[in-house]
Amino acid sequence: MKKEVRVRFAPSPTGPLHIGGVRTALYNYLFAKQNKGKFILRIEDTDQTRFVEGAEEYIIEAFQWLGIEFDEGVAIGGDFAPYRQSDRKSIYKKYAQELIDKDWAYYAFDTPEELDVVRKDFEAQKKNFQYDCQTRSNMRNSLTLSSNQVKELLDSNTPYVVRFKFPANTEVHINDMIRKEVIMNTNLLDDKVLYKSDGMPTYHLANVVDDHLMQISHVIRGEEWLPSCPLHVMLYKAFGWEETMPEFAHLPLLLKPDGNGKLSKRDGDRLGFPVFPLEWHDPKTNEISSGYREKGYIPKAVINFLALLGWNAGIEQEIFTMEELISLFSIEKISKAGAKFDLDKAKWFNHQYIQMTQNSELAKNFNQTLIEKGFNLPITYVEEVVGLIKERCNFTTELWEQGYFFFTPPEAYDEKIIKKRWKPTTPNNLIQIIELLDTIEPFSSAIIEEKLHNYIEENQLNMGDIMNALRLCLVGQGKGPHLYDIISMIEKKETIERINKAIQIISPQ
C-alpha cells in the first residue's frame with residue numbers, strides 16, 4: 001500500500017527567509033500537491049542562542065504573501081502538534097536515552113578547554129581533529145570511563161553532551177531521488193552531538209525524531225544537508241525505524257549570478273537584487289535588507305522564476321500557473337548542478353506577470369502609494385491609468401515613475417527636448433492648439449487625435465515638433481503612453497493649464 005505523501009519545510013528562526021529556502025519550500029509544496037499529500041511548516045528552534053526576534057513571524061508572512069499554503073504547522077495546527085521544536089522539548093530526552101541504552105550513543109564530558117587542547121595538538125601535527133570512531137577512545141566519555149564514574153558525573157550535574165556512536169569502517173548508503181546512490185564511509189564522519197545537558201536536542205536528533213513522529217514520507221531539502229544525511233540514515237537504523245524512513249532528495253544550490261559560489265544573504269543588496277521575499281529589519285544591527293515584495297515583484301512571478309531555477313519541465317513554455325507547475329513537477333527533472341541566479345530573467349518574468357495582472361488588482365496597491373502622496377481619486381481612474389502605463393513597468397514600484405503626470409503637472413521640463421523640439425514658433429502654435437482643444441466635444445482620445453492631426457496637416461506644421469512639444473508641456477519629458485490618452489485622461493481644463501504654464505516657463509515674454 002502506497003504511503004501518504006507528507007513533506008515538511010522546517011526553517012530555523014535565525015533571521016530572514018533566504019530565497020533559496022523559498023525555493024525548497026516551493027518544491028516541497030509542488031510535490032505534496034501533485035501527490036495529494038500534506039505540506040507542513042515546522043519551526044526548528046533548538047539552537048536558542050541563534051534565535052532572532054520576529055524571524056518566525058517573518059517566515060509566516062512571507063509564505064502568505066507568496067501564496068504558498070501549509071496544511072499543518074505552526075500558526076495552523078494539526079494532528080501532530082506542536083510544530084515548534086522548543087515546544088516539543090520534553091519529547092527528545094527519552095530518544096537520546098534510548099540510543100544510549102542500545103549502545104548507539106554515549107555521554108561525552110569533555111570540556112571546551114579540553115577539546116581545545118586536543119584540537120591544538122592535532123594542528124601542531126598538521127592534522128584536523130574530529131571526534132569520531134578513531135579518536136573517541138582517547139576522550140572523556142562513557143566509553144572510556146567506568147559506569148561508576150559516569151554515574152558520579154551525571155549525579156553531580158556535570159555538563160555533558162550525548163554523541164552518536166558511528167560504527168567504524170562502515171559504508172552508509174543513501175538513495176537520493178536526485179543524485180541516486182550516495183555512499184559514505186563512517187571513518188570520515190564525526191560523532192555528532194545529539195543532545196545537550198541543558199535539555200535541548202541538536203538539529204540532528206530533533207529532526208529525525210520529528211520526521212518519524214510526524215510521519216514524513218519525503219525529505220526534500222538543500223544540498224548543504226547531504227553531508228548530514230548519513231547520520232540521519234543511521235539514526236533511523238539505530239531506532240529501528242528503517243521501514244518508515246523517508247525518501248531523501250537534496251536540491252542543487254542557488255548560485256551567484258556569475259556562478260561563482262552559493263548565493264549568500266550578503267549578495268543581494270551588494271549586487272542590486274533581493275535575496276529575501278520581504279524586506280527585513282535586523283533587530284540586532286538595525287540593518288535593512290531589501291525584499292521582493294517591496295521591490296515591486298508580483299508573488300506569482302517570484303514563484304514561476306524560482307520554480308525554474310534548478311528544475312525544467314522539458315518543454316519550451318516558460319510562464320506557468322501554480323496549477324501547471326503542480327501538474328508538471330517532477331523531482332527526477334531537478335538538476336544536480338547549481339542554478340545561477342539571473343536578475344534579468346527575474347525582471348523579465350515580473351514584467352510578464354504585471355501585464356497579465358488585472359488592472360483592478362494593480363490599482364489597489366498603486367492606490368496606496370497615491371494616498372501616501374496625498375491623492376484621493378476614484379479607483380476607476382487609477383485602474384485606467386494602470387492600464388495605460390503597466391506595459392512600461394518591470395516592477396510595480398515603477399507605476400508612479402511611469403505615470404506621475406496623470407496626477408500632478410510636471411515641475412521641470414527636459415532641456416534636451418526643449419533644445420531639439422521647441423522652436424521660436426512653438427508658443428504661437430501651442431496657443432492655436434489650445435483654442436482648438438477648447439472646442440472639442442466629446443473630449444475623447446480618438447476625437448482629439450483626429451482634430452489635432454487635421455489641424456497640423458492643414459497648417460503644414462512639423463508633426464514631430466508639435467507632438468513632442470505638446471508631450472513636454474503635459475509630462476515634462478519625452479515619455480509616457482499614447483499622447484491623446486494622456487490628454488483625454490487629465491481632461492480639457494488641466495491640459496490647457498499645463499500648456500499655458502509650459503509656455504510661460506520655457507518662453508517667457
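These entries record what I looked up on one strand pair, the enclosed space and the open pockets of this structure. I note at the outset that the model is predicted.

**Entry 1: the strand pair**

I first examined strands S6 and S7. S6 covers residues 171-176 and S7 covers residues 180-185. The two strands run antiparallel and are joined by 6 bridges. I then looked up the connection between them, and found a hairpin that leads from S6 to S7 through 3 residues. At Asp176 I checked the partner across the pair, which is Lys180 in S7.

**Entry 2: the cavity**

I next asked how many cavities of 30 Å³ or more a search of the whole structure finds. The search returns 1. I recorded a volume of about 40 Å³ for the largest cavity. Its lining consists of Ile19, Tyr292, Tyr297, Ala301, Val302, Phe305, Leu306, Ala346, Phe349 and Asn350. Two or more of these lining residues come from each of helix H10 (299-307) and helix H12 (343-356). H10 provides the largest share, 4 residues. I sorted the lining by class and obtained 9 nonpolar residues, 1 polar residue and no charged residues.

**Entry 3: the largest pocket**

I turned to the largest pocket, for which I noted a volume of about 1100 Å³. I counted 43 lining residues, and those nearest the centre are Ala10, Pro11, Ser12, Glu224 and Trp225. The elements that contribute two or more residues to this lining are strand S1 (6-9), helix H1 (19-34), strand S8 (193-196), helix H6 (203-213) and strand S9 (218-222). Which element gives the largest share of the lining of the largest pocket? I found that H1 does, with 4 residues. The class count for this lining is 18 nonpolar, 12 polar and 13 charged residues.

**Entry 4: the second largest pocket**

For the second largest pocket I recorded about 840 Å³ of space. It is lined by 32 residues, and Ile298, Pro299, Lys300, Thr357 and Glu361 lie closest to its centre. Two or more lining residues come from each of helix H2 (55-66), H10, helix H11 (322-328), H12, helix H13 (359-372) and helix H15 (399-403). H13 gives the most, with 7 residues. By class I noted 17 nonpolar, 10 polar and 5 charged residues in this lining.

**Entry 5: cross-check**

I compared the element lists. H10 and H12 each give two or more residues to the lining of the largest cavity, and both also appear among the elements that line the second largest pocket.

Notes: Residues numbered from 1 in each chain as written. Predicted model: local features only at pLDDT ≥ 70, side-chain atom pairs only at ≥ 80, totals over all residues. Heavy atoms only, no water. Pairing = 2+ DSSP bridges. 1 Å grid on protein atoms, 1.4 Å probe; cavity = no way out; pocket = protein on both sides within 12 Å on 5 of 7 lines; lining within 4 Å. Points joined across faces, edges and corners; volume = space filled by probe spheres on them. Nonpolar A, V, L, I, M, F, W, Y, C, P; charged D, E, K, R; others polar.
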